[in-house]
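Colleague: Could you take a close look at the ligand surroundings in this model and describe them in one connected account?

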Amino acid sequence: MAIPKKGLPILLILILLPAAHAHVSQEGRVDMAMGEIGANLGKMSPADLQGIPDHAKEIETHLEVIKGELDLGADYNRELAGSVADFEAHLLKLEEAAAEGDGAKALAASRDLERAHARIKMELQRPKVDRDRLALALGGLLGTWLLLAALMFVASNRLQARVLKERTVEVFPGEGLCGACGACEVACPDGAIEVNHQGPRYLGGADCAACEGSCIAVCPVQFPGEWGDGLGPFRRMVAVRSRLPEVLARAQDGGLATTLAIHLLDSQRAEGVLMVRRRGLSPEPFIARTREEALSAAGSTYALSPSLPTLEGVEGRIAMVGLPCQVTGAEKLGAMEKLGNITFKAGLFCRANFLPGGMEALASRAGLSQKGVRRVDISGGRVHLDGRAEFPLRALADYENPGCKVCADPLARMADISIGGVGVPKGWSLAVVRTLEGEAVLDEMIGKGLIKAAPVDDKTRRDLERFARAKTAVKP
Ligand SMILES: Cc1cc2nc3c(=O)[nH]c(=O)nc-3n(C[C@H](O)[C@H](O)[C@H](O)COP(=O)(O)OP(=O)(O)OC[C@H]3O[C@@H](n4cnc5c(N)ncnc54)[C@H](O)[C@@H]3O)c2cc1C
Ligand code: SF4
Ligand code: SF4
Ligand code: SF4
């Protein structure tokens, strides 16, 4: 069959258009089903075993929609198929626990279910180059265009490799879309990325086309994930103040982060906690193994900290206290089956952070030695050094980290507990308790008399919503 040269583009459009349309509406249906699953998960609680079967049935229905929409056997989403199978297994366990009236089993199954749900979201969030490539090839396959399809597949593969290379290079310093969390260094299968206090450096020599962009997929700033806007999922919000005098003497706010780390170590829930301590005015990530080491990290260090690579090769159950980008980076690495031993994540609120040298410059302007500054506070638009010197925040303008301006998560929405100083009196911390595990740990701390807790009112919630809204979410 001879086709006039001019007719070829039109024919291609006619072939590809339905495939592209089906692709878009498919994503819409998957998103809706994921939304319904999330809503039902949020309503399930081990404290209400009787309510579980109804929600589980709802979830199964929506899961079938997702399975129907996505060809889970296909090569391009094998990972997703694995995560869905995991999710189904944990859902079954939860239903069994509800039928047996076993609260402890239900708690464990709910926890696993929440994590499997996060993994599915993460897989759906992977850069869509793969699916686009498949859609392109499928479009070509329609009719008798087998040869054309093969050519298009090869071309799209090349395109994919080029796009990935360009996007990979975009991640690196100078582009600025970075919080220096270090997740890309851990994700790179070729060890081709090194992250320091300013961001990542590409060392070269990586087979980026074969890896398909793990460094980009894992990046919490460039691909923050659909973890919800606003306050994110949470079960409880409470004001907290440590009862440990040695913590209060050094803590930034109510000392919850440090007391939590101490409790996790003392109760052997964790064998180590990833934390950040100050060396002069610079942050140093490390793993606290003892109460004293946890105490040494009390107080905020306002500078980028490449924390996650510290965990590489570390064995045993590990918890972390980190900024939202560090928490999301860790969660995404977990979904890639890296750093799978992080069992608890405490996240700090964070509106912005600074490049190295910022606080040092202010200290030097104030005639203070770096080691001499014991405490840095940022409040009311001013930077306070020990109460001995004070500057307007704009004095740090040259050191603002550009990536923080596009970062969309000021509240650590992926944490088990998020902690900050918004909407509570001075000397208190606000705890946003997001997961069952977070709730169990907080209740243990109250039970052991490590912290005092007070309810918060609607005003606190409104303050927090305003804080979250104030951070502009510009997606790249
Ligand atoms: C860069 C930065 C920006 C922040 N912005 C806000 C904000 O806008 N609004 C708000 O309410 N709260 C913000 N916080 C959180 C706030 O400063 C307190 O950390 C939080 O309220 C917990 O107080 P706490 O008394 O419980 O912590 P503490 O008990 O004093 O413990 C502090 C914890 O912070 C960790 N930490 C310190 N520096 C870093 C760092 N650079 N990276 C990762 N972890 C670190 C330590 O490991 C320690 O576990 C920010 C924190 C940082 C580090
Ligand atoms: S934010 Fe983290 S993952 Fe993203 S480029 Fe920076 S160091 Fe890498
Ligand atoms: S694309 Fe893959 S191999 Fe290339 S730098 Fe990123 S993580 Fe490493
Ligand atoms: S604003 Fe905070 S959480 Fe976001 S990238 Fe910057 S340091 Fe990370």
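The shell around ligand 4

Modeller: Ligand 4 is surrounded by G179, V221, L323, P324, C325, C350, A352, N353, N401, G403, C404 and C407 (a residue counts as near a molecule if its C-beta atom, placed from the backbone, lies within 6 Å of it). The model is predicted, so local features need pLDDT of at least 70 and side-chain atom pairs count only at pLDDT 80 or more, while totals for chains, interfaces and linings use all residues. Residues are numbered from 1 along each chain as its sequence is written, and chains are lettered from A and ligands numbered from 1 in the order in which they are written.

Two helices, α13 (324-335) and α15 (402-406), each give at least two residues to the shell of ligand 4 (helices are DSSP runs of H or I of at least four residues, strands runs of E of at least two, numbered from the N terminus). This shell comprises eight nonpolar and four polar residues, with no charged residues (Ala, Val, Leu, Ile, Met, Phe, Trp, Tyr, Cys and Pro count as nonpolar, Asp, Glu, Lys and Arg as charged, the others, Gly among them, as polar).

Ligand 3 has 14 residues around it, of which C188, A206, C208, C211 and C215 come nearest. Here α8 (208-211) and α9 (214-217) each contribute at least two residues. By class, the shell of ligand 3 holds nine nonpolar, three polar and two charged residues.

As for the strands, an open antiparallel sheet has three of them in the order β8-β9-β10 (strands pair if DSSP finds at least two bridges between them). Because β8 (376-379) and β10 (389-392) are edge strands with a single partner each, one side of each has no neighbour in the sheet. Four bridges connect β9 (residues 382-385) with the antiparallel β10, and V383 lies opposite F391 of β10.
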